[in-house]
Amino acid sequence: MDTLNVQGGYPLTGELKIQGSKNTVLPVMAAAVLYKGVTILTNVPMIQDVYCMIHILEAIGVKIALSGHCLTMDASLVESGEIPMEDVKRMRSSIMLLGALLGRVGEAVTSYPGGCTIGLRPIDLHLKALEAMGAEIFEDGTKIRASARKLRGAHIRLDFPSVGATENILLAATAAKGVTVIDNAAREPEIIELCLFLQKMGVSVRGAGTSRIRIERKKELRQTSYQITGDRIVAGTYLAAAAVAGGEVRLTGIYTPYMESVLRAFQNCGCDISWGKEEIALRSDRRIRAVPWVKTSPYPGFPTDMQSPFMAMLAYGDGVSMIEERIFESRLNLAAQLAKMGADIRVEENRARVAGQGRLHGALVQAEDLRAGAALAVAAAGAEGMTRIADPGYIKRGYESIDQDLRSLGGRIWW
Ligand code: UD1
């Protein structure tokens, strides 16, 4: 059986540079499709989702060269708007190509994103917005076909500040004629980064990071080089691992203003943590203070992607903590896996009551999604004995080398 193996109980100490952000690079790669020429990205994380996106881009005609963490994409010739079905199944985020493909070739064909274990994840907001911009959408039960002879700017109010829908609208708006205004836009750092990239490409974008974004393409797009920012969720995961394993870590290569709510949450748990603009230091004696509530919400609230590593950490707490998951309903399923390691977590609807045990033990557990898999590695880092995490492929979707990273800090972890 393919497993990620962790021998717990070794403190994590040392310095680590954090990989580039998955959720930033994927929409920026989609945006590159809009420019008839070369786009260069640096600090690209070498993760499965990036490989999957490369596969899709090659299938539609983009020429790709990868050297180290530098990705060169030549989208001079994009001939097809059809996203291979197998890739849609492998990576839900391929849906973010809809807006870009519509803009570039006037057509996008995809199937329903499946294979996701963290909740329903509908795409109604994406489709409604693209329709408002002049796209016609045909759904036949298996495929979604969107076409638009000409996209036009529109005033769109999202019912929920969806990250993916905001990204799709931004990309469609880049190709549209006229002004697009998004109200109730997502404010996540990944939206800010995409807007910065589009600005560099020559698009006029105002309001990135606020609930109202105004976007208009006034001139021709231009060749762009862009450095992908550090991954705030990977950084948070490693902080949680150090908190439960003990030790002293220093993380670099991240932009901490994007991590405010998470860093404060570590403080609330009693962690000895401090940070500058691009680095974080955490020292842990393995004592985790229980907290009354961790509630996930859209940015600037506590991110749902950090909820799983936090649940793993709070399982080591000195009392009862409550978690409320308000974005993806199924993300509390992790509790059942942590229970195999001795955690006492009761889940009711979208709430989890985590009765901290101070200690957990190794077990054979199952990664059921990307962040839950990484959270099991967090739990395992502090546990007594050996943990084997089955289905570790999920973790590789977003973590370039969790094994090498934690080993470089003194952890015992191997594939
Ligand atoms: C992105 C991130 C993911 C993160 C999430 C929330 C990427 C590749 N993924 O996912 O890691 O956990 O943001 O920060 O960047 N919804 C609808 N209809 C829609 C779209 C969304 O009802 O058309 C709902 C979803 O079911 C969910 C909520 O809106 O409950 C948030 O989803 P969204 O912000 O769209 O997340 P993603 O873009 O899928």
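1. The shell around the ligand is mixed in character, with its residues dividing into seven nonpolar, six polar and six charged (Ala, Val, Leu, Ile, Met, Phe, Trp, Tyr, Cys and Pro count as nonpolar, Asp, Glu, Lys and Arg as charged, and the others, Gly among them, as polar). This is a predicted model, in which local features need pLDDT of at least 70 and side-chain atom pairs count only at pLDDT 80 or more, while totals for chains, interfaces and linings use all residues. Residues are numbered from 1 along each chain as its sequence is written, and side-chain values use heavy atoms, with hydrogens and water left out.

2. In total, 19 residues surround the ligand, and the closest are Asp 124, Leu 125, Ser 162, Asp 305 and Ile 327 (a residue is near a molecule if one of its heavy atoms lies within 4 Å of it). Helices H1 (22-32), H5 (124-132), H6 (163-175) and H10 (304-314) each supply at least two residues of this shell, and the largest share, three residues, comes from H5. Helices here are DSSP runs of H or I with at least four residues, strands are runs of E with at least two, and both are numbered from the N terminus.

3. Polar contacts to the ligand (pairs of N or O atoms within 3.5 Å) involve oxygen atoms of the ligand and three side chains: Asp 305 at 2.6 Å, Asn 23 at 3.0 Å and Arg 92 at 3.2 Å. Taken alone the ligand exposes 750 Å², of which the protein buries 86% (accessible areas by the Shrake-Rupley method with a 1.4 Å probe).

4. Helix H6 also packs against helix H7 (residues 189-201), their axes coming within 10 Å and crossing at roughly 10° (axes are lines fitted to C-alpha atoms over the stretch in contact, with angles from 0 to 180 degrees between N-to-C directions). That crossing makes H6 roughly parallel to H7, a label used for angles under 35 degrees. The residues that meet include Val 163, Leu 170 and Leu 171 of H6, and Ile 191, Leu 194 and Leu 198 of H7 (contact means heavy atoms within 4.5 Å). By class, this contact has seven nonpolar, two polar and two charged residues.

5. The axes of H6 and helix H4 (residues 97-105) come within 7 Å and cross at roughly 10°, and these two helices are therefore roughly parallel to each other. Leu 97, Leu 98, Gly 99, Ala 100 and Gly 103 in H4 meet Asn 168, Leu 171, Ala 172 and Ala 175 in H6, a contact with six nonpolar, three polar and no charged residues.

6. Two backbone details deserve a look. A cis peptide bond, with omega of about 10°, joins Tyr 299 and Pro 300, and Pro 300 is found in the loop between strand S17 (294-295) and H10. Glu 349, although not a glycine, has a positive phi of about 50°, and Glu 349 is found in the loop between strands S19 (344-348) and S20 (351-355).

Conventions:
A polar contact is a pair of N or O atoms within 3.5 Å; within protein, one must be able to donate a hydrogen and the other to accept it, and residues adjacent in sequence count only if both atoms are side-chain atoms. Angles under 35 degrees count as roughly parallel, over 145 as roughly antiparallel, 65 to 115 as roughly perpendicular and the rest as oblique.
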